[in-house]
Amino acid sequence: MSNSTIKNGLLNQVLVNFEKFEAQLNGTTGNIHGTRKEALETLKTQGFPDTRNEEYKYTNITKALEKKFSFQEEPTTLSLKKEEIEDRFIKGLDAHRLVFINGEFSRDYSDFSEDAGLEIIDLPTAIRSGHEALTAHFGKYADYGKDAFIALNTSLAKNGTFIQVSANKVIDRPICIYYINDTSSNQTYNYARNLILGGENSQATILEVHSDLGAHESFSNVVSEIVVKQRARISHFILQSEQEKGYHVGTTQVVQEKDSYFANYAFTTSGEMIRNNLNIDLIAERCETHMYGLYLLNGKAHVDNHTTVDHQQPNSFSNELYKGIIEDRSRGVFNGKIYVRQAAQKTNAFQSNKNILLSDTAVVNTKPQLEIWADDVKCSHGCTTGQLDEDAMFYLRARGLSKDSARALLLYAFATEVVENVTIQPVKDYLESVISTRLHKDF
Amino acid sequence: MLTIKNLHASIEDKSILRGINLEVKAGEVHAIMGPNGSGKSTLASVLAGREDYEVSEGEATLLGKDLLDMAPEDRAREGVFLAFQYPVEIPGVSTTNFMKTAINQVREYRGQEPLDAVSFLTLMKEKMKLVDIDQSLLSRSLNEGFSGGEKKRNEIFQMAMLEPKLAILDETDSGLDIDALKVVANGVNTLKNKDNATIVVTHYQRLLDYIVPDYVHVLYKGRIVKSGTKDLAMELEAKGYDWIKEEADAATA
């Protein structure tokens, strides 16, 4: 089978799925429906990427999807018990909670309140009501012409979350979105689409937590568009664990206005093939941006983080720290683009990607990509890939620590540099426990 | 306590130790001196179990137990302590943090109950005084941004915590001003008793004014070419190493 027939196979099934989806809409969607059709047309023209596409050089997700998924979505019988679902909630986290099971919004397990100044609406409800802000912003930032999987999501996303924080409103409780896939009887598909609007001088934290329960594969294709208005502060987390058979292509598309703050945290501890795109446009002056990532990979996990920060105006600051521990036959991919446009004088942009390889068969592909047109800027980038520090190992063992303890302690310390930036204590505790378990740090 | 017989060791096929013989008894302080490149630090590293070195011949036993066969952690648990010449910086790991694990793994090896948090803290406070080290330093990333003196005091602090049978101080005086040197020496002297032993590896006699050795050995080209008392160290200080080199080279020529 040639590459083009493979791609067409996936594409043809997507077209069938779109027709089915359209039939359910009964013409109620207006503008958004138009956007979906345009996205689909783009996808038809451009097709899905193979490894000849520079952006997907190391991550042949199209081939993997073709091979593993039928894309014939069957109605799944949910067999999850209440305890199993609740077990996936972050302990001790007082949050607005939204739960999606196999891509469908579950009102039963969700628990959130719409305080004054905070709107949280599931996507179909928001679309049906013709919500003005949703219509104005939907699909305006994540460019479906640039990435086939943004196009796929834009055309097929049935569900997701619309969040609007009013000007000057500070949301103390994080908004936590759980995507739980019940893969015990079938493969699952989740095309979640989120739109998050942080009003002027507002403040909020949003978490997206992905996990699977069951033996079959899951495919997630999530797009989150986030608008950070003037002086707003938004923090966004993506937590991916318990997904040994998870396939995921997600895009977080962010636009920051003047004097705004945005922080993104991406933590991945499992996944058959994961691709996280993070694109941040700094369209005005004095933006502050933080990008943190940690991937702890074993088995045959494949995790690819592609990030872009685009400094378009002067006096903004961006800082990026991604770290990976890669063992067995797993692979980590990092690509970090920093653009500094000619107008963006006095930009400070820093990037660091550090990896530890724990086996001969573990692989890292890392590529920093800086394109700078302005002349008065401070930019730096660095990437390191190595093994565990032998001198440090000997030092700890010479004090009586077993080889395993010394190894776990050093790896834990390596990971801590990322985790210590998390300020919400229950989330930090959760991450520390996930990391401890993974590193067998049982002391 | 420590018996070394005909010890040969090499790194990457380069022979460094060429037949060391040494007997250290409980309660004794031995100084190992010698010119640069004579093998002093190699001897310290080989005893502590650094895996870069290959021991091709000879033996080293601690209280009758074969050291060379043991992993570095087991040597530590048996009571060997190496104060590093260049203490490693480990970001993200604090002294407090790893010492608790170390102490309890050592205790477990010796069949003792683990220390609870309170006992550990009490022990720490007691040992901190010994080397005049601040708790905040011990909560920071290990040796990261520490001054030379702070690094060496931290080494002696760890020694105090672990109470080794055999302490090996590898160039502990290097990079120390006289005040720091006194603090470090005072710590070592306080920890000394009739049941443990100390090996002081140093290039200069200076440290030996403060940690007074019972025996002084001069290492040259991987062998102990001269042994004596503290007077030998004084003589080296006055005359340098050249006369010893000549003597040794003449003997082997």
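How many salt bridges does the rule count over all chains? The count comes to 36. The model is predicted. The close-ups below cover some of these pairs, a domain interface and one helix.

**View 1. Domain 1 meets domain 2 in chain A.** The domain assignment gives domain 1 as 3-284 and domain 2 as 392-443. Their centres, taken over C-alpha atoms, are 31 Å apart. Contact involves 13 residues of domain 1 and 11 residues of domain 2. The two domains bury about 1,000 Å² between them, with 77% of it on carbon and sulfur atoms. Ile90(A), Phe267(A) and Thr269(A) supply 42% of the area that domain 1 buries here, more than any other three residues.

**View 2. Polar contacts and strands at the interface of domain 1 and domain 2 of chain A.** The rule finds 0 salt bridges across this interface. It does find 3 residue pairs in polar contact. On the domain 1 side, strand 8 (203-213), strand 11 (233-240) and strand 13 (261-268) each supply at least two of the touching residues. By class, that side has 8 nonpolar, 4 polar and 1 charged residues.

**View 3. Helix 7 of chain A is mostly covered.** The helix spans residues 148-156, and 9 of its 9 residues are buried. Among them are Phe149(A), Ile150(A), Leu152(A) and Asn153(A). At the helix start, a side-chain oxygen of Asp147(A) reaches to within 2.7 Å of the backbone nitrogen of Phe149(A).

**View 4. Arg88(A) forms a salt bridge with Glu242(A).** The closest N and O atoms are 3.9 Å apart. The pair links distant parts of the chain, 154 residues apart. Arg88(A) sits in the loop between helix 4 (82-86) and strand 1 (96-101), and Glu242(A) in the loop between strand 11 and strand 12 (246-256). Arg88(A) counts as buried because its relative accessibility is 14%. Glu242(A), at 43%, counts as partly exposed.

**View 5. Lys127(B) forms a salt bridge with Glu163(B).** The closest N and O atoms are 3.2 Å apart. Lys127(B) lies in helix 4 (residues 117-131) and Glu163(B) in the loop between helix 6 (148-162) and strand 9 (166-170), so the pair ties together parts 36 residues apart in sequence. Lys127(B) is buried, at 8% relative accessible area. Glu163(B) is exposed, at 52%.

**View 6. Asp209(B) forms a salt bridge with Lys230(B).** The closest N and O atoms are 3.7 Å apart. Asp209(B) lies in the loop between strand 10 (197-201) and strand 11 (215-220), while Lys230(B) belongs to helix 8 (residues 230-239). Asp209(B) is partly exposed at 44% relative accessibility. Lys230(B) is buried at 18%.

Note on methods: Residues numbered from 1 in each chain as written. Chains lettered and ligands numbered in written order. Predicted model: local features only at pLDDT ≥ 70, side-chain atom pairs only at ≥ 80, totals over all residues. Heavy atoms only, no water. Domains from an automatic or database assignment. Contact = heavy atoms within 4.5 Å. Buried area = accessible area lost by both parts, 1.4 Å probe. Salt bridge = Lys/Arg side-chain N within 4 Å of Asp/Glu carboxyl O. Polar contact = N/O pair within 3.5 Å; in protein donor to acceptor, adjacent residues only side chain to side chain. Helix = DSSP H or I, 4+ residues; strand = E, 2+ residues; numbered from the N terminus. Nonpolar A, V, L, I, M, F, W, Y, C, P; charged D, E, K, R; others polar. Buried < 20%, exposed > 50% of the residue type's maximum accessible area, 1.4 Å probe, protein only.
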